[in-house]
Amino acid sequence: MNTGIRMVTRSRSRTPRIAAEGCGEELTPREAAAEGRKSCRPVKRPRKTQKLHVAYEVSNGEKGEDAEPLKVPVWEPQNWQQQLANIQIMRSKKDAPVDQLGAEHCYDTSAPPKVRRYQILLSLMLSSQTKDQVTAGAMQRLRARGLTVESILQTDDDMLGRLIYPVGFWRNKVKFIKQTTAILQQRYEGDIPASVAELVALPGVGPKMAHLAMAVAWGTISGIAVDTHVHRITNRLRWTKNVTKTPEETRTALEEWLPRGLWSEINGLMVGFGQQICLPVHPQCQACLNQALCPAAKDL
């Protein structure tokens, strides 16, 4: 006897998934029960970071949106503006030797540019350790014979010595003038260099002469021209943070704080002041004391 067997098949239904509260995933009822009383940890959201604004020193050629140059306090002497104003008043007449006989007054204004620049350099070379009146006299004698690169190279040493005498160290200057003139002819087509580095490389040309040559001959202010007058007076005024021993040390110290717009004025101003009032020996300190000008005057 055949017995009919009914096969009953159950279709497996998908177990519904329950979204756990506060969680970002769905769980089956069994998984939810297994979780029991466990609660989902809330998802941590990243905190907003605050932007720090930091000032730092920017190197050359480097630019940053939030970069600020670091402000470093610059040393400067007390009351220097008033002292400078007083010296300017005392020098307002422009009657010192440097005002009429300095390097900017010793060349032939009608000569070609190359010749003018050469004459300016030569007058500066002659002026070292020499009074302006003596330098001007030597330049007049040289110009009377036609002062050019070619004429100096054609002049023998003995004649050149007689023309520039009695400038200080005239024998050495004869040698330096001849050597420098030959270099200008060979390397610079008879002109003078247009940089301080090249100028000081010439025989007999120092930093003060180079900076003055740049200013007078080329119209470029490359630095403060510091000679013995500027060196002596600025130290007496205590315009250097520390006492300086050489004109070059003084130049470096002054350029660290003195506004660049005054660099071209300082040499002529202080040289004339040193020629008339702040003399190397027996300076006329009473004039400065009356003006409350020099803090060292009472000690000199």
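Helices here are DSSP runs of H or I with at least four residues, strands are E runs of at least two, and both are numbered from the N terminus. The model is a predicted one, so local features need pLDDT of at least 70, side-chain atom pairs count only at pLDDT 80 or more, and totals for chains, interfaces and linings use all residues. Residues are numbered from 1 along each chain as its sequence is written, and side-chain values use heavy atoms, with hydrogens and water left out.

**Exercise 1. Walk along helix 8 and past its end.**

Task: work out what span helix 8 has, which of its residues are buried, and what covers them.

Solution:
- Start with the length: helix 8 covers residues 170–187, which is 18 residues.
- Next, the span. From first C-alpha to last, helix 8 reaches 25 Å, close to the expected 26 Å; the expected value is 1.5 Å times one less than the number of residues.
- Now burial, meaning under 20% relative accessible area, with exposed over 50% and partly exposed in between (1.4 Å probe, protein chains only). Lys173, Val174, Ile177, Lys178, Thr180, Thr181, Ile183 and Leu184 of helix 8 pass that test.
- The cover over those residues includes helix 4, helix 6 (149–154) and helix 7 (157–164).
- Finally, step just past helix 8: Glu189 has a positive phi of about 55°.

**Exercise 2. Pick apart the largest nonpolar core.**

Task: find which residues touch the most other members of the largest nonpolar core, and which helix gives the most to this core.

Solution:
- Set the rule: a nonpolar core is a set of buried Ala, Val, Leu, Ile, Met, Phe, Trp, Tyr and Cys residues joined through side-chain atoms within 4.5 Å.
- The largest core has 36 residues, and Leu121, Leu122, Leu126, Leu142, Ile152, Ile164 and Leu199 touch the most other members.
- Helix 4, helix 5 (132–144), helix 6, helix 7, helix 8 and helix 10 (207–218) each bring at least two residues to this core.
- Helix 4 is the top contributor, with seven residues.
- There's also a second, separate core of 26 residues, with Ile87, Trp257, Leu262 and Cys278 among them.

**Exercise 3. Link Gln119 and Arg143.**

Task: are Gln119 and Arg143 buried or exposed, and what do they touch?

Solution:
- Place them: Gln119 sits in helix 4 (residues 113–127), while Arg143 is in helix 5.
- Gln119 has a relative accessible area of 3%, so it is buried. Arg143, at 33%, counts as partly exposed.
- Take contact as heavy atoms within 4.5 Å. Ignoring neighbours within four places in sequence, Gln119 meets Tyr107, Asp108, Met139, Arg143 and Leu147.
- With the exclusion of residues up to four places away in sequence, Arg143 touches Cys106, Tyr107, Asp108 and Gln119.
- Arg143 and Tyr107 are 36 residues apart in sequence, yet 8.2 Å apart from C-alpha to C-alpha.

**Exercise 4. Classify a helix crossing.**

Task: how do helix 11 and helix 13 cross, and which residues make the contact?

Solution:
- Axes are lines fitted to C-alpha atoms, for helices over the stretch in contact, and angles run from 0 to 180 degrees between N-to-C directions.
- The axes of helix 11 (residues 228–236) and helix 13 (residues 263–276) come within 8 Å and cross at roughly 80°.
- Helix 11 is therefore roughly perpendicular to helix 13; the bins are under 35 degrees for roughly parallel, over 145 for roughly antiparallel, 65 to 115 for roughly perpendicular, and oblique for the rest.
- Contact residues include Ile233 of helix 11 and Met270 of helix 13.
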